[in-house]
Each structure stands twice: as structure tokens, then as C-alpha cells.
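Welcome! Please take a moment to look over the sequence and the structure below before reading on.

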Amino acid sequence: MNSIEAMAKRSQASHLVLIYALAAATVSALTAFDPEPLSGTALVIFADTPLVTAITFSMIVHLVIVYNQKDLLADGFILIASLSAGLVLGALGAKLLGRMVPILGSFNNAIITFSLHYATGHVLIDYLEKERKITDVTLQYVKENKEKYEEEGRRKGKEAIEASKKMDHEDRQMLKELIKQYRTISEALKRASEKKLTDESVQLSERLLELGEKIGAIYARYGYSIT
């Protein structure tokens, strides 16, 4: 791959990461105010965790597709699922601390969620650019290398949340509908990828990207850019 192709691929992958980070942060912010419609649980502290984990999984799968490592077997699926769950649960402690301030805490949760996905995605981009197999990555490796991206992730996440505070009721409801679709497709992607990444996996990833762009367009109306 020449340098121009590498730069184009990195640009594509970075945009994907931003889209998934925004979707995950949206789940966290919406769930803090009204958990039942998104998660089916009244346990506010844990309400966003399953859906955010599904989004984390989808982000990693999408990056693997971009970097043409589609020959995953069952062990790769298990690794990505474990990595996704480990990252989200690892951030839960910080989110619990944020709950100590009810209103501000909800915004803090969304910023933490955004930063987690932004930093994780960029660590994996660095990793995959070097033509390393995703099946060789570890949770510890991601945790050790994501610090350099976390501050930028927090800044971008805070900007997104500031935009979300300005949204009217109609746009918040639209976000909820888009996130419900995100959940359905993320779950379908997980099922489709249990043995290997197929054409269906690619198609579902593209549908998630389309939904993510629609979510981004709502934020853009309030001054937030996903470009």
C-alpha cells in the first residue's frame, strides 16, 4: 500500500471511529435521562452497558473490515466480543463516580463513553496499520496505549454533549429512534459475525455507518461537526 492509499484508509477509519464514538455517547446521554426505551431495564447505572458494548463490538468489526482482515474464525469473534465487554466494563467505575452528581453525571457518562471509543478506535487503527492481526491484540495492549488519545476524545466528547444540550424535543426523539435502529443492526452484526466476517457483515456495517451519519447530521444542526 502506498502512502496516499494509507492516508486515505486512515482518514476513512478515523471517520468511522468518530461516528461510533458519537453513537455510543448518544446512548449514554439518552439513557441517563430515560433508560427504559433504549435498554429495557430500569437499572439506571447499568442501562446503557449492553447497547454500548454492542456498539464497541461493531466499531471493532468495522475497522477489521476496513483493514481487510475478514478471515476471522471463532477465536477472533470471541476475542473481539471479550475486548468490547472488557473496555466498557472497565469504564464503568468512572461512570459510577460520575453518577454522584445526577445531572452533570449524565453528561460526564457520555463524555467518558465518547472518549473510550475514540481512544480505543485510534489505538486499533495504529495497530492495524502495521498489518498486525486483530486476533493478536489484547485488552491490556489497548488500555496501555489509549491514554495518548483520551484527552482529545474527552474534548471532542464534551463538544458533542454541549451540542446535545441545545437540542429540541423533536431531535431528541429522532435520536432515540435512530439509536433503537442502531441496537437492532448491531445485534444482527454480532450474530452474522459469529463464525466469520461475511458479505452480510459488510452490509450491516455500512448500514450502521449510514445511521451514524444521520445521528451526526442532527448534532451538526447544533454546531457539532463529524468531518
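What follows is a short walk through two helices and the charged pairs that go with one of them.

Please keep in mind that this is a predicted model. A good place to begin is helix α8, which covers residues 147-165.

**A glycine in helix α8**

G153 is part of helix α8. Is G153 buried or exposed? G153 has a relative accessible area of 0%, so G153 is buried; the cut-off for being buried is under 20%. Leaving aside residues up to four places away in sequence, G153 is in contact with F114, S115 and Y118. You can also look from G153 towards H122: these two residues are 31 apart along the chain, and their C-alpha atoms are separated by 10.0 Å.

**Charged pairs along helix α8**

Side chains of opposite charge can pair when their charged atoms come close. The structure holds 10 salt bridges, and the table shows some of them.

| Salt bridge | N to O distance |
|---|---|
| R154 and E151 | 2.9 Å |
| E152 and R155 | 3.9 Å |
| K165 and E162 | 2.9 Å |

How far apart along helix α8 are R154 and E151? They are 3 residues apart, which means a separation of about one helical turn. E152 and R155 also lie 3 residues apart in helix α8, about one turn of the helix. For K165 and E162, being 3 residues apart in helix α8 likewise gives a separation of about one helical turn. An α-helix has 3.6 residues a turn, so residues three or four places apart point the same way.

How accessible are these residues? R154 is partly exposed, at a relative accessible area of 38%. E152 counts as partly exposed because its relative accessibility is 31%, and R155 is partly exposed at 41%. K165, at 38% relative accessibility, is partly exposed, and E162 is partly exposed at 35%. Elsewhere, salt bridges with shared partners link R10, D126, E129 and K148 into one network.

**On to helix α9**

Helix α9 runs over residues 169-192. What span should its 24 residues have? At 1.5 Å a residue, the expected value is 34 Å, and the end C-alpha atoms are 35 Å apart, so the two agree. At the start of α9, the backbone nitrogen of E170 has a side-chain oxygen of D168 within 3.3 Å. Further along, α9 has a number of buried residues, including L175, L178, I179, Y182, I185 and L189. Some other residues of α9 are buried too, among them D171, K176 and S186.

Note on methods. Residues are numbered from 1 along each chain as its sequence is written. This is a predicted model: local features need pLDDT of at least 70, side-chain atom pairs count only at pLDDT 80 or more; totals for chains, interfaces and linings use all residues. Side-chain values use heavy atoms; hydrogens and water are left out. Helices (H or I, at least four residues) and strands (E, at least two) are DSSP runs, numbered from the N terminus. The expected span of a helix is 1.5 Å times one less than its number of residues. Buried means under 20% relative accessible area, exposed over 50%, partly exposed in between (1.4 Å probe, protein chains only). A polar contact is a pair of N or O atoms within 3.5 Å; within protein, one must be able to donate a hydrogen and the other to accept it, and residues adjacent in sequence count only if both atoms are side-chain atoms. Contact means heavy atoms within 4.5 Å. A salt bridge is a side-chain nitrogen of Lys or Arg within 4 Å of a carboxyl oxygen of Asp or Glu.
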